[in-house]
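Please examine the sequence and the structure shown here before reading the account that accompanies them.

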Amino acid sequence: MELGERFGVDARDRDVRKRFSQLSERDVQDLTAIRSFMEQNVDAIVESFYEHILTFDPVREKMGGETVISRLQRTQKEYLLDLVRGDY
């Protein structure tokens with residue numbers, strides 16, 4: 001299930017969000033152009049991001065334990081993949 005479906009975002013909601021964020025057709029082309037790269041590298045990107053932010057004590061304290069961090073990483077990966085695969 002895509003994140004949009006999970007959170008009840010339908011076609012009308014997507015349209016409003018596109019207008020709000022000023023997502024252009026060029027932006028959509030750019031996002032879809034990096035799809036293959038993102039699919040091949042999403043694990044390393046997310047791992048590197050969390051490795052970095054967890055070096056900061058205030059962030060690490062707010063994150064909670066490994067279970068929470070794993071869930072956040074999984075959600076981040078889903079988000080990034082949806083971003084390049086999404087129905088714009």
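The paragraphs below treat confidence, the nonpolar core, an aromatic pair and a surface patch.

This is a predicted model, in which local features need pLDDT of at least 70, side-chain atom pairs count only at pLDDT 80 or more, and totals for chains, interfaces and linings use all residues. Residues are numbered from 1 along each chain as its sequence is written, and side-chain values use heavy atoms, with hydrogens and water left out.

The mean pLDDT (the predictor's confidence in each residue, from 0 to 100) is 88, and 92% of the residues reach 70 or more. Among the elements, helix H1 (residues 3–6) has the lowest mean, 61, and H4 the highest, 97. Helices are DSSP runs of H or I with at least four residues, numbered from the N terminus.

The largest nonpolar core (buried Ala, Val, Leu, Ile, Met, Phe, Trp, Tyr and Cys residues joined through side-chain atoms within 4.5 Å) has 11 residues, among them Met38, Tyr50 and Leu81. Helix H4 supplies the largest share, 5 residues, and H4 and helix H6 (66–85) each supply at least two.

Tyr50 counts as buried because its relative accessibility is 5%; buried means under 20% relative accessible area, exposed over 50%, and partly exposed in between (1.4 Å probe, protein chains only). One aromatic pair is counted. The ring centres of Phe49 and Tyr50 lie 5.2 Å apart with planes at 90°, so the pair is edge-to-face. Rings of Phe, Tyr and Trp (its six-membered ring) pair if their centres lie within 6.5 Å; planes under 30 degrees apart count as stacked, over 60 as edge-to-face and the rest as tilted. Phe49 is partly exposed because its relative accessibility is 39%.
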